[in-house]
Amino acid sequence: MTETLLFLVAGLVVIAASTVVGPRLGVASPLLLVAVGVGASFLPALGSVEIDPELILAGVLPPLLYSSAVSMPAMNFRREFGAISGLSVLLVVASSLLLGLFFSLVLPDLGFAWGVALGAIVSPTDAVATSIVKQTSVSRRVVAMLDGESLLNDATALVLLRTAIVATAASFSFWGALGTFAYSVVVAVVIGLVVGAVNLAARRRLTDPTVNTVISFAVPFLASVPAGAVGASGLVAAVVAGLVTGIRAPRELSPQSRLSDGQNWRTVELVLEGAVFLTMGLQIRSIVIAVEQDHAGLAPALLIAVGALVLTVLVRAAYVAPLLRVLSARARHAEAMRPRVADMHQRISTSEGTHESFTEMNRGRRTPSPRALDQFARRVTQGLADIEYFLAQPLGWRDGTAVVWAGMRGAVTVAAAQTLPDDTPQRPVLVLIAYAVAALSLLVQGGTIGPLLRRIAAPVDEEAAHRQTEAERRRLVVLLRDTAAAVPGGEVVRDTAAAAAAADLDDDARRARIDAAVRHTLAVLAAQRAALLDARDAGTVDAEVLAESLADLDASEIAIRLRGRVPHEPAGTRPGRRGRRGSPGRPVRDSKVTD
């Protein structure tokens with residue numbers, strides 16, 4: 001027991017040290033942790049470390065993917081969903097099949113089905129590994145694609161792995177496999193949506209941020225465990241629950257709870273990510289020994305791993321190249337549609353214009369209801385914002401290079417390889433190949449992605465970028481100012497100082513005036529937060545600038561609540577949840593935030 005505790009403490013220290021030392025040495029901390037793990041595996045006490053793969057797949061990945069989904073900008077995920085879904089499904093399937101053919105040719109007596117199983121293991125990129133990319137200067141569109149891909153492609157790979165193992169028993173059915181995949185994803189999405197909604201409904205009634213955060217730690221497992229129990233993808237369920245939480249939490253949870261969540265989940269991410277790479281290094285030596293004992297030959301296995309890694313990069317490049325052409329064609333189509341959408345957006349600034357535009361779009365087939373008009377206005381506003389987003393951030397060959405070279409393998413490959421049945425042909429060799437592909441991917445791609453992106457980076461007009469950011473901030477300042485002016489009771493704040501200092505007011509009256517002013521300020525902050533979230537849902541504001549403004553509002557509210565006597569009522573009961581006009585899709589006419 002004492003030795004186990006010492007190992008845990010040493011692991012935490014090593015993770016913290018690698019996080020600090022790695023950047024100073026110019027080495028990504030995951031690579032440093034793998035190297036430390038390999039070195040530690042030669043210690044007598046650590047020579048036979050074995051990690052249950054289910055601990056990684058069911059215990060580590062769900063919270064990591066959930067946390068990544070919570071923090072992902074929702075509107076960027078929505079905008080890039082077409083590319084993300086292709087990378088997560090089509091590319092994984094194509095890579096698995098081609099790798100399966102490769103493995104069946106280079107490994108005697110393996111067979112195509114087992115080759116596809118190994119191909120499915122090494123095909124998915126890893127959310128933990130792609131954290132290396134975020135430390136570079138890659139564009140935000142590329143980050144959104146890589147994040148979304150690494151969140152969703154695990155389900156495709158694991159379903160393919162199960163299907164390939166079943167196919168080895170000669171009972172394979174293409175339509176049966178397709179149905180299994182559809183069932184796995186659809187059921188997981190439903191479970192994730194339900195868990196995410198129930199999570200927020202329960203937590204918004206809690207006033208203690210610490211208790212709120214403790215419950216949040218259970219959410220990814222409340223989604224993944226039931227999904228796995230009914231044969232669906234637990235990882236997809238955890239991701240969907242995280243997306244629901246990330247989108248709705250600013251409207252549902254108090255700033256104190258969200259601040260506590262953010263701080264504690266960052267710590268959890270650091271520990272779990274570090275543990276994955278550290279244990280990966282610890283297990284490599286034992287896998288090499290198993291291959292030598294099996295007399296399978298170490299050098300051929302490593303050579304096959306190199307070939308597999310090269311093939312994954314080539315297949316990825318072959319897929320990304322036409323994907324960029326498709327995205328470019330979509331951007332050209334959006335540019336052609338821009339004048340029409342902009343004209344329609346200008347016309348919906350009035351109710352009459354909205355009604356007229358709706359009738360024109362629907363050819364007068366039905367009489368619009370107020371709700372239909374609001375939804376139409378939201379779609380127009382959102383559509384124009386999407387067009388501006390795609391035109392402002394076009395994807396070129398540099399971005400394509402980043403998407404290709406950043407597709408690293410990691411924890412999923414390592415854990416999935418160990419789930420191969422004991423009767424798998426040449427199992428030690430297959431596990432070693434998977435480990436070697438993951439390790440080489442981290443070493444070669446992860447070790448060179450930073451210098452590569454710096455070398456091919458396009459010249460950036462920092463002054464223009466700064467002007468654009470400042471313009472975004474000014475638009476939000478106008479939005480927040482106009483929102484504050486629209487909240488009734490502003491005269492209370494102006495009169496409070498004089499009233500509180502008046503000699504003819506007793507303490508109770510003075511306290512009542514101050515409390516009224518504090519409550520008005522909180523109402524203003526709630527209305528401003530709702531206005532920002534409405535702008536987020538419409539896609540009319542930059543995600544990073546929006547995050548800064550929301551953080552400022554949260555800090556102001558937390559400071560007021562810490563100083564004052566205002567009770568900590570649940571966030572869901574505060575005014576402003578639906579927005580200033582009760583319609584999250586309608587553009588804010590008086591602030592020009594959507595112009």
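Visitor: Is Phe112 buried, partly exposed or exposed?
Guide: This is a predicted model. Phe112 lies in helix H6, residues 112-122. Its relative accessibility is 43%. Buried means under 20% and exposed means over 50%, so at 43% Phe112 counts as partly exposed.

Visitor: Which helix gives the most residues to the nonpolar surface patch?
Guide: The patch covers about 520 Å². Val93, Leu97, Leu101, Leu105, Val106 and Phe112 make it. Five residues of the patch come from one helix, spanning residues 81-106. That is helix H5.

Visitor: Which helix gives the most to the largest nonpolar core?
Guide: That core has 69 residues. Among those with the most contacts inside it are Phe103, Met280 and Ile433. One helix, residues 427-456, supplies 11 residues. It is helix H17.

Visitor: Which residues does Ile433 touch, leaving out those up to four places away in sequence?
Guide: Ile433 is one of the residues with the most contacts inside the largest core. Contact means heavy atoms within 4.5 Å. By that rule, Ile433 touches Phe103, Leu107, Leu118, Ala301, Ile304 and Ala305.

Visitor: Why does Ser233 count as buried?
Guide: Ser233 lies in the loop between helix H9 and helix H10. Ser233 touches Ala155, Ser184, Ala188 and Ala227, not counting residues up to four places away in sequence. The cut-off for buried is under 20%. Ser233 counts as buried because its relative accessibility is 8%.

Visitor: Which backbone nitrogen does the side chain of Ser233 reach?
Guide: The loop that holds Ser233 comes between helix H9 (209-229) and helix H10 (234-252). The side chain of Ser233 reaches a backbone nitrogen at 3.2 Å. That nitrogen belongs to Val236.

Visitor: How many residues apart are Glu80 and Arg141?
Guide: Their side chains meet in a salt bridge, at 2.6 Å from N to O. Both Glu80 and Arg141 are buried. Glu80 sits in the loop between helix H4 and H5, while Arg141 sits in helix H7. The pair links distant parts of the chain, 61 residues apart.

Visitor: Arg248 and Glu252 are separated by about how much of a helix?
Guide: Their side chains meet in a salt bridge at 3.6 Å, N to O. Arg248 is partly exposed, at 32%, whereas Glu252 is buried, at 6%. The two are four residues apart in helix H10, so the separation is about one helical turn.

Definitions and conventions. Residues are numbered from 1 along each chain as its sequence is written. This is a predicted model: local features need pLDDT of at least 70, side-chain atom pairs count only at pLDDT 80 or more; totals for chains, interfaces and linings use all residues. Side-chain values use heavy atoms; hydrogens and water are left out. Patches are made of residues with over 30% relative accessible area and no salt bridge: like charges are joined within 9 Å, nonpolar side chains (Val, Leu, Ile, Met, Phe, Trp, Tyr) within 5 Å. Accessible areas come from the Shrake-Rupley method with a 1.4 Å probe; for residues, only the protein chains shown count as cover. A salt bridge is a side-chain nitrogen of Lys or Arg within 4 Å of a carboxyl oxygen of Asp or Glu. Buried means under 20% relative accessible area, exposed over 50%, partly exposed in between (1.4 Å probe, protein chains only). A polar contact is a pair of N or O atoms within 3.5 Å; within protein, one must be able to donate a hydrogen and the other to accept it, and residues adjacent in sequence count only if both atoms are side-chain atoms. A nonpolar core is a set of buried Ala, Val, Leu, Ile, Met, Phe, Trp, Tyr and Cys residues joined through side-chain atoms within 4.5 Å.
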